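Here's an informal walk through one structure, starting in a sheet and following a few contacts outward. Have the 3D view open as you read.

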Amino acid sequence: MRRFFPYLFAAAAALLLACAAPASAQDIDHDRDYILSRSIFVDKTASISFEQARQASYHPVPELYTGGYSESAHWLRLQIAPREDGGQIVLRILPTILDEVVLYEPDIIVPGAWRRSVTGDRTPFALRSYPAATLGFYVTPASPSTTYYLRVKTTSAALLHVQALEPPEARTRDVRIAILRSAYLAFMLWLMFWAINDYMARPEKLTAAFVVYQAAFIVYSAALTGVVAQIFPGAPPGVVDQFTSLMVCVAPLTGVLFGRHLFRAFDAPPRYLRLIDILSAGQIADLVLLAAGETRLALELNAIIVLIAAPVFVVLSWVARRNVTPGLFALRAVFVLSALSLSLAMAPVLGLTRAWTWSLNSTQAHGFITGWLMFMILRLRSRQILRDGQDAALQLAVTNKQLDMERSQREVQGRLMAMLGHELRTPLSVIRLALGPARNPQPVSPHALQAVRDMDAIIERCLQADQLDQKQLTPRPQSCNIEEMLLELRDSTETPQRLMVRAAGLPIVQADAQLLRAVLSNLIDNALKYAAPGSEIRILAEPPADAGRKGVHLSFANPPGPAGMPDAEQVFDKYYRAPGAHDSTGSGLGLYLVRAIMELSGGWVRYAPSPGEICFELWLPL
């Protein structure tokens, strides 16, 4: 945000300097202007003849006159002093978008007669008597002064600035204007090409919208300043004028659409974005009016919409909610400055305020200020997106590196577990065979046999846990009889009398038999190991539904032994063992495997203790 302040300050300074320009060019050019007096008559019917206009009542006007949008014809009467050497003088007229400017001057050959000359936006550049960056005529006033009449009829705003200058001075000013216009268009083109390049590097709708807006504004500025007329000097009469009117309506429409994309990026509420939709609809109506031949009405409506858009955009900047680069403060400052610039440009055009010298180039000044500030917003956003992309790429590279390391570790762990399972089970089989009655007629301690069984169970659980971590444990459903499975597991224990199994009338379930057996075996083993010595273990299986799904519900309940009650928050965690359980053999993987297998099977398991009782419940779908 701090880096944005210099650009914002420079734009504000440019606007203030433009506004501080003298209210009348006469303040700086009085000693060079040969016009002694200016007066105006407005023909509201736009139908009176020249002779009638000569007899009309005129009133004085300033050098820069504005009459807003109207169907009237404006007659300007000029009293012009001659040069000392009697040479020609240039009547230099701005702006260049005036449709038709007719000069009536005394005929020096036929006394009492008047000569008529025409220029304007509808006159091809090649046919203009004064082909330059401005409109104009050559006149030769006689001593002591000569009266001239200018009839101006235009569909654009009646903004009129006329000076009578010596040809060298007029040419100097026209060359200066041409240079400034070229520099201005070059700057605007540079902004557009930067945006195109940025879009090609990082396609984004906001940047594309800026490219379209900038391109439309460049063409609009070229048409408005007469550059298009100079590029196509032989264009048919009226074509350049029609094209200029079209661009006057199209350019603001692209600006409004760009604004919509910009405010969406800053998360302006949808109900406020509808204001932009209303403005867009109004500008589309402009184009319809233009196509219907209502040029003046379309241009006036366009100017009104543009003037309304200024405060609308300020409101949108204030209700925006996402503080993205370059920040909400910068966004609001930009649109306040843009609104000020736009209001100063459009109010005189509509005849709402007095025209200033800067009003002649207000549209270009507004385009320069707005284009520059929008460019800075996009540039800072582009840099931030680039940095975010680089950070994301770096984070992705780090993540991929970590994943590769974890994958390598899992592969090493898998190979280690496979090797341990193979290498340990072989000597365990030998030990079990050696302790059997066929090889050892002497009684063998039950503890030795249990130790072998515990080691075998730990190896099996470690292998299953590794398969789970490697996502290699895939259930293969088949028909399973849970009642038979429970009874078989009960009978395989050393103390079957402790297991009270109630599982009559159960439906057949579709599950992986090996995995289901591992679940039930782990829960039975867990109960036998951690229940109070000699206590009863109740196993209940029944077929209730769960959330409308048919299945089998089982519970394993027993009173707590010396290890106490397990921690409900950690009981299913990998490697968790209660503090009092470390005196007995175990891996901390049994209940972890139970939960993982139940999730793979589409069921669930939970720890549901009650006072003085440990209870695990599980549910399997049919």
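Start at Arg-77, which stands opposite Tyr-149 in strand E9. Bear in mind that this is a predicted model. On its other side, Arg-77 of E4 has Ser-39 standing opposite. That puts E4 between two partners: eight bridges join strand E1 (residues 35-43) to E4, running antiparallel, and seven bridges join E4 to strand E9 (residues 146-153), antiparallel again. Strand E4 (residues 73-80) is mostly covered, with six of its eight residues buried.

Now for the charged side chains. The whole structure holds 19 salt bridges, and three of them are worth a look here:

| Pair | Closest N to O distance |
|---|---|
| Glu-71 and Lys-153 | 3.8 Å |
| Glu-71 and Arg-296 | 2.9 Å |
| Glu-300 and Arg-296 | 2.6 Å |

Where does Glu-71 sit? It's in the loop between strand E3 (64-66) and E4, while Lys-153 is in strand E9, 82 residues apart from it. The salt bridge between Glu-71 and Arg-296 also links distant parts of the chain, as Arg-296 is in helix H9 (residues 295-319), 225 residues from Glu-71. Glu-300 and Arg-296, by contrast, are four residues apart in helix H9, so about one helical turn separates them. Through shared partners, the salt bridges join Glu-71, Lys-153, Arg-296 and Glu-300 into one network.

Which member of this group is buried? Arg-296 is, because its relative accessible area is 15%, under the 20% cut-off. Glu-71 is partly exposed at 46%, Lys-153 is partly exposed at 22%, and Glu-300 is partly exposed at 23%.

Elsewhere, Glu-488 in helix H13 (residues 482-491) makes a side-chain polar contact with the side chain of Arg-517 at 3.3 Å. The two are 29 residues apart in sequence, with 9.9 Å between their C-alpha atoms. Glu-488 itself is partly exposed, at 43% relative accessibility.

Helix H10 (residues 328-349) is worth a stop too. Its 22 residues reach 31 Å from first C-alpha to last, close to the expected 32 Å. H10 is mostly covered, with 16 of its 22 residues buried, and it is followed by Gly-351, whose phi is positive, near 75°.

Last, look at the surface: Ile-108, Ile-109 and Val-110 make a nonpolar patch of about 360 Å². Ile-109 is in the loop between strand E6 (100-106) and strand E7 (114-119), and it is exposed, with a relative accessible area of 71%.

How values were computed
Residues numbered from 1 in each chain as written. Predicted model: local features only at pLDDT ≥ 70, side-chain atom pairs only at ≥ 80, totals over all residues. Heavy atoms only, no water. Helix = DSSP H or I, 4+ residues; strand = E, 2+ residues; numbered from the N terminus. Buried < 20%, exposed > 50% of the residue type's maximum accessible area, 1.4 Å probe, protein only. Polar contact = N/O pair within 3.5 Å; in protein donor to acceptor, adjacent residues only side chain to side chain. Expected span 1.5 Å × (residues − 1). Patch = residues over 30% accessible without salt bridge, like charges linked within 9 Å, V, L, I, M, F, W, Y side chains within 5 Å. Areas by Shrake-Rupley, 256 points an atom, 1.4 Å probe, with all protein chains shown as cover. Salt bridge = Lys/Arg side-chain N within 4 Å of Asp/Glu carboxyl O. Pairing = 2+ DSSP bridges.
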